[in-house]
Amino acid sequence: MDITLLSCEKCQTAFVPPKYGCPHCHNEELVQKTMSGKGTIYSYTTIYSAPEKFASQVPYHILLVDLEHGPRITARMVDGEPSIEQMVELERIEDSVYWFFKR
């Protein structure tokens, strides 16, 4: 699945919306770009004690994913055990949460 990111017209930095200005150069000319939802796990943590809303989901994994053509984003793992540098792909976006699965 592809992912829609914002890109700065001035410095070409890509980032996850919503943003109203480039966090790198502060330019306000931003455009939406569709990019690959593929990436690698940079880091992760496993949640064993969660807020009440997510208590039924423990344990679950929170990932930092380096996208192939974009920034590093925070995401959830669909299932399985993550590992550093593991290749993953975006499965869905649900309630502003990015869900990835192992490739």
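A polar contact, as I will use the term, is a pair of N or O atoms within 3.5 Å, where, within protein, one must be able to donate a hydrogen and the other to accept it. I begin there because the residue I come to later, R76, makes one with its side chain: the side chains of R76 and Q57 are joined by a polar contact of 2.9 Å. Please keep in mind throughout that what we are looking at is a predicted model.

Let me start with the overall picture. The protein chain has eight strands and zero helices, and reading along the sequence therefore gives the pattern β-β-β-β-β-β-β-β. Its C-alpha atoms fill a box of roughly 45 × 30 × 20 Å along the principal axes. Of the 103 residues in the chain, 33% are buried. If we take the contacts with a separation of 6 or more, 42% of them are between residues 24 or more positions apart.

Now to the sheets, for which one general point helps: strands of a sheet pair through backbone hydrogen bonds, either parallel or antiparallel. Three strands here form an open sheet in the order β2-β1-β3, with antiparallel pairing. The strands at the edges are β2 and β3, and each has a single partner strand, so one side of each is left without a neighbour in the sheet. Between strand β1, residues 2-8, and β3 there are seven bridges, and within that pairing L6 has Q32 in β3 as its bridge partner.

Further along the chain, strand β4, which covers residues 38-47, is joined to strand β5, residues 60-67, by eight bridges, and the two run antiparallel. In this pairing I47 stands opposite Y60 in β5. Strand β4 also pairs with strand β7, residues 87-94, again in the antiparallel sense, over three bridges, and there we find G39 opposite V88 in β7.

Let me turn to the cysteines, and ask how many disulfides there are. The count comes to zero. A disulfide is a covalent bond between the sulfur atoms of two cysteines. Why, then, do C11 and C22 not form one? The sulfur of C11 has its closest cysteine sulfur in C22, at 3.6 Å, and because the cut-off is 2.5 Å, that is too far for a bond. As for their surroundings, C22 is buried, with a relative accessible area of 2%, whereas C11 is partly exposed, at 28%.

Next to C22 in the sequence is G21, found in the loop between β2 and β3. G21 is partly exposed, with a relative accessible area of 23%, and, leaving out residues up to four places away in sequence, G21 touches F15, N27, E28 and L30. Measuring from C-alpha to C-alpha, G21 and A50 are 33 Å apart in space, while in sequence they are 29 residues apart.

Finally, I return to R76, which is found in strand β6, residues 72-77. Is R76 buried or exposed, and which side chain of opposite charge is nearest? R76 is buried yet has no salt bridge, and the nearest side chain of opposite charge, E94, is 8.0 Å away. Since a salt bridge would need the relevant atoms within 4 Å, E94 does not qualify. Apart from its neighbours within four places in sequence, R76 is in contact with several residues, including F54, Y60, H61 and W99. Also among these contacts is Q57, the partner in the polar contact with which I opened.

Key: Residues are numbered from 1 along each chain as its sequence is written. This is a predicted model: local features need pLDDT of at least 70, side-chain atom pairs count only at pLDDT 80 or more; totals for chains, interfaces and linings use all residues. Side-chain values use heavy atoms; hydrogens and water are left out. Helices (H or I, at least four residues) and strands (E, at least two) are DSSP runs, numbered from the N terminus. Buried means under 20% relative accessible area, exposed over 50%, partly exposed in between (1.4 Å probe, protein chains only). Lys and Arg count as positive and Asp and Glu as negative; His and the chain ends are not counted. Contact means heavy atoms within 4.5 Å. Two strands pair if DSSP finds at least two bridges between them.
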